[in-house]
Each structure stands twice: as structure tokens, then as C-alpha cells.
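Student: I have a protein model open here and I'm not sure how to read it. Could we go through it together?

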Amino acid sequence: MPFCDRDRVAFLKLLGRIYAEMCADGDRGMTTALLRQIWAGAAEGRAWDITSLAADFGLPRQTVSRRLRRLEAAGLVRRVRRGRAARLEPARSFVEADKARLDRLLQETVDLVERLRTRSN
């Protein structure tokens, strides 16, 4: 299906809104990404630890650990000990607040896809 400039612009604007929402805290965008990764893992029944997060993001373990301490201090993440391992869980308050934001962005994405699909038919 050929796309026109109007389609591309609509898509770029949507990507910009998604990026702005996901990195709304400016310099702490990576911290927000870590928090959302922990949230996604919990939703899938897969808990993250510091080492696996560091590997997934390609960051030094110390950097991830420092950022997670900030999230813990803010009450957004907690460490749950299971034997020698500490797994990370998101705070319910963050998950509930983030669900509304993500639902809105998902709906915008679906709406754009539907508009493009109907134009191609």
C-alpha cells in the first residue's frame, strides 16, 4: 500500500507523542524505561533482576543499580528476595497510573492504523 506524506506526518507525530510520554521525565528517560521494563516483566509473570536488566539495556550493572535505588526510594519499585536472588517488582500505584497513559497511546495507534487501512481500500 503506498503511503502519502500526510500518512507519514501523522505517524511521525504519533511517534513523537509516544516518545514524549515514555521519556516525560527528561534526563531520567532511561530510568522510566527500566521501570516500564520491570512492569512489563511482572505483567508477563517474569521478574527482572539487576543483572538481567543491565544486560537487556546494555548498561553497566552499577548504573542500573543506582537508578533502581532512586526508584525504590520513590516507592515505585521494590526488591523481593527469593533465596539469594532479589527480584524487582513495580509498585501498584505506578502500574495503575501508567495503564491509563498506555491505553491512550495504544488507542491513538489503533486509530491511526484504522485510518490508514480504510484509506487503502
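Student: Okay, what percentage of the residues in the protein is buried?
Tutor: Buried residues, meaning those under 20% relative accessible area (exposed is over 50%, partly exposed in between, with a 1.4 Å probe and protein chains only), make up 29% of the 121 residues. Please keep in mind that this is a predicted model, in which local features need pLDDT of at least 70 and side-chain atom pairs count only at pLDDT 80 or more, while totals for chains, interfaces and linings use all residues. Residues are numbered from 1 along each chain as its sequence is written, and side-chain values use heavy atoms, with hydrogens and water left out.

Student: And how many helices and strands are there?
Tutor: There are five helices and two strands, where helices (H or I, at least four residues) and strands (E, at least two) are DSSP runs numbered from the N terminus. Their order from the N terminus is α-α-α-α-β-β-α.

Student: Which residues have the most contacts inside the largest nonpolar core?
Tutor: Those are I38, L53, V64, L68, V77 and L88, in a core of 16 residues. Such a core is a set of buried Ala, Val, Leu, Ile, Met, Phe, Trp, Tyr and Cys residues joined through side-chain atoms within 4.5 Å. Two or more residues each come from α2 (29-43), α3 (50-57), α4 (61-73) and α5 (92-120), and α2 gives the most, with four.

Student: What does I38 touch, then?
Tutor: If we leave aside its neighbours within four places in sequence, I38 is in contact with W48, L53, L68, V77, L88, E89 and P90, contact meaning heavy atoms within 4.5 Å. I38 is itself buried in α2, as are others including L34, L35 and W39.

Student: Is M30 buried, partly exposed or exposed?
Tutor: M30, which also lies in helix α2, is partly exposed, because its relative accessible area is 30%. Apart from neighbours within four places, M30 is in contact with F57, L59 and R67. The C-alpha atoms of M30 and R67 are 8.7 Å apart, although 37 residues separate the two along the chain.

Student: New topic: at what angle do α3 and α4 pack?
Tutor: They pack at about 115 degrees, with their axes 9 Å apart; axes are lines fitted to C-alpha atoms, for helices over the stretch in contact, and angles run from 0 to 180 degrees between N-to-C directions.

Student: Which residues make that contact?
Tutor: From α3 they are I50, T51, L53 and A54, and from α4 they are R61, V64, S65 and L68.
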